[in-house]
Amino acid sequence: MPPEFSRQRTIGVRVFDDDEAGQVAQIGLAENRLQLFLFPARRDTKTGKAEEFDGWRYIEQEGWTGAVQAQKGVLFMAAIRGTKKDLAPFLSRR
């Protein structure tokens, strides 16, 4: 779990299977209805090495904005209904 979210109060947790991502853990946070997701990073078919990248990568879809970070073979995504501007303040907390 990135340190930005380690002290947040949760309102619910579930684990489910996704056809593309595999097993996904979803965590609902009380603050601003943030959603956190943890799922396995894609692996290179030849080497088996997990996808890695530095920092946060943003995605936007259907009124939601997510920021994804890769750590030790796990992708972590924070998502909020809104824009990158709405999500960015949560990512800079330490």
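**A six-stranded sheet and a buried glutamine**

Let me begin with one pair of residues, Gln69 and Phe76, which stand opposite each other, with Phe76 lying in S6. What I am showing is a predicted model, so please hear every value that follows as computed from that model. The pair belongs to the contact between strand S5, residues 64-71, and strand S6, residues 74-81, where eight bridges hold the two strands together in the antiparallel sense.

Stepping back to the whole chain, the secondary structure amounts to six strands and one helix, and if you read from the N terminus the order of elements is β-β-β-β-β-β-α, with the helix coming after the strands. The six strands make an open sheet with antiparallel pairing, and across that sheet their order is S1-S2-S3-S6-S5-S4. At the edges sit strand S1, residues 10-18, and strand S4, residues 57-61, each of which pairs on one side only. From one strand to the next, the twist averages 20°.

At the S1 edge, S1 and S2 form a hairpin, with three residues between the two strands. They run antiparallel and are joined by eight bridges, and within this pairing Val15 has Ala25, in S2, as its bridge partner.

Now I would like to spend a little time on Gln26, which lies in strand S2, residues 22-29. Is Gln26 buried or exposed? Gln26 counts as buried, because its relative accessible area is 15%, and the cut-off for that class is under 20%. Which residues surround Gln26, once we leave aside its neighbours within four places in sequence? The contacts are with Gly12, Val13, Arg14 and Phe16, and also with Gln35, Leu36 and Phe37. Two of these residues deserve a closer look, since their side chains make polar contacts with the side chain of Gln26: the contact with Arg14 is 2.5 Å, and the contact with Gln35 is 2.7 Å. For a relation over a longer stretch of sequence, consider Ala78, which is 52 residues from Gln26 along the chain, while the C-alpha atoms of the two are separated by 9.8 Å.

Finally, the overall dimensions. The C-alpha trace spans about 40 × 30 × 25 Å along its principal axes. Does the radius of gyration agree or disagree with that of a compact globule? It agrees, because a compact globule of 94 residues would have a radius of gyration near 12 Å, and the chain has 13 Å. Of the 94 residues, 35% count as buried. Taking contacts between residues at least 6 apart in sequence, 35% of them join residues at least 24 apart. As for the surface, the accessible area of the chain comes to about 6,600 Å², and carbon and sulfur atoms account for 47% of it.

To close where the detail was greatest, I would ask you to keep in mind Gln26, a buried residue whose side chain is in polar contact with the side chains of Arg14 and Gln35.

Note on methods: Residues numbered from 1 in each chain as written. Predicted model: local features only at pLDDT ≥ 70, side-chain atom pairs only at ≥ 80, totals over all residues. Heavy atoms only, no water. Pairing = 2+ DSSP bridges. Helix = DSSP H or I, 4+ residues; strand = E, 2+ residues; numbered from the N terminus. Axes fitted to C-alpha atoms, helices over the stretch in contact; angles between N-to-C directions. Buried < 20%, exposed > 50% of the residue type's maximum accessible area, 1.4 Å probe, protein only. Contact = heavy atoms within 4.5 Å. Polar contact = N/O pair within 3.5 Å; in protein donor to acceptor, adjacent residues only side chain to side chain. Rg over C-alpha atoms; globule rule 2.2 N^0.38 Å. Areas by Shrake-Rupley, 256 points an atom, 1.4 Å probe, with all protein chains shown as cover.
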